[in-house]
Amino acid sequence: MLLAAVLEWLRVRPEGTYLDATLGTGGHAVEIASRLTTGQYIGLERDPQAIEIARDRLKEYGERVRLVQTSFSRIGEVAAEQGAQGFDGVLADLGVSSLELDDVQRGFSFRGAGPLDMRMDPRQELTADEIVNRWPEKELADLLYQNAEERDSRRIARNIVRARPIRDTAHLATVVAGGRKARGRQRLHPATKTYLALRIAVNRESEELGQFLSRTPATLNLGARWIVLSYHSLEDRLVKRAFQELARGGGFRILTKHVERPAEQEVQDNPRSRSAKMRVIEKTGERIAPGGDNVVDDAGSAEASAA
């Protein structure tokens, strides 16, 4: 998503070290790796199927590329394990890949009858089936409201509990649709928010994102740029708040005054990109002195001033 804008903001240097926190099938990875000479690209991904596809796409870049099956919340450990002294750029595209959405057997989509799974990493124990068919009604309703701001959360939870056992994704979509109030013309499928809430819960996305946002700053070199693409309001709020706190504390500068969105042509070519929001922050090395003046660390003065 937003490939041209991502590459413009990232400013890939041939000798730099870059971490792609959400490798997917390697769309951004190919463009970053192709710009490196002596530099390093490290890609993280929870989905083993996606990693294998990306590995094949990236094989021509040899030792410039390292792929790791893990969550981006482990960014600090990965930096240490890979011997990276710090990253010159970090990218996180928080969207679910088409590989997952288009495969009915993964359980992410309501456009077909598939198992209630939704795990990005098949090694995880928790599945959507466990939540849908076993969680108490109140916990289910709270999850729908907290994770996806679903206004009809209680009605939907009640319908789900009464319809148990829910057999598959298509059955769940029908049950959810029956629990929503009609509110004029609906742009989204009635089950969209329920599926979002379940996916977030199964993959612990809010917890993982929170850890990623708190741990990434320490891994960035001076002058590094950190780009995050989000796709729903709750995760974008977390990103916005984290970036604002970093900027207020000094040492970081927000580069995107307002979120960047995909151009009309990209949305036409890829409708799933329509909700994408991109935010960019840079590590400048400036910090706030006790008297309120900005101070540039000696080690980062030249790089910060050139950014």
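Here are three short exercises on a predicted model, each with a worked solution.

**Exercise 1.** Work out which strands stand at the edges of the open sheet.

*Solution.* Start with the strand order: the 7 strands run E3-E2-E1-E4-E5-E7-E6, and the pairing is mixed. Now look for strands with a single partner: these are E3 (65–69) and E6 (252–254), so each has one side left without a neighbour in the sheet. As for twist, neighbouring strands are turned by 15° against each other on average, ignoring direction.

**Exercise 2.** Find the sense in which E1 and E2 pair, then say which helices pack on the sheet.

*Solution.* Take E1 (residues 17–20) and E2 (residues 40–45): their pairing is parallel, over 4 bridges. Within this pair, Leu19 sits opposite Ile42 of E2. Next, the helices. H1 (residues 3–10) packs on the sheet and touches E1, E4 (87–93), E5 (220–230) and E7 (277–283). The direction of H1 makes about 165° with that of E5. H12 (residues 233–249) also packs on the sheet, with E5, E6 and E7 as its contacts. Its direction makes about 20° with that of E7.

**Exercise 3.** Decide whether Val96 is buried or exposed, and list what Val96 touches.

*Solution.* First, place the residue: Val96 lies in the loop between E4 and helix H5 (98–101). Then check the accessibility: Val96 has a relative value of 16%, and the cut-off for buried is under 20%, so Val96 counts as buried. Leaving out residues up to four places away in sequence, Val96 touches Leu101, Phe108, Met120 and Arg199. Finally, a distance: 23 Å separates the C-alpha atoms of Val96 and Asp142, which are 46 residues apart along the chain.

Definitions and conventions: Residues numbered from 1 in each chain as written. Predicted model: local features only at pLDDT ≥ 70, side-chain atom pairs only at ≥ 80, totals over all residues. Heavy atoms only, no water. Pairing = 2+ DSSP bridges. Helix = DSSP H or I, 4+ residues; strand = E, 2+ residues; numbered from the N terminus. Axes fitted to C-alpha atoms, helices over the stretch in contact; angles between N-to-C directions. Contact = heavy atoms within 4.5 Å. Buried < 20%, exposed > 50% of the residue type's maximum accessible area, 1.4 Å probe, protein only.
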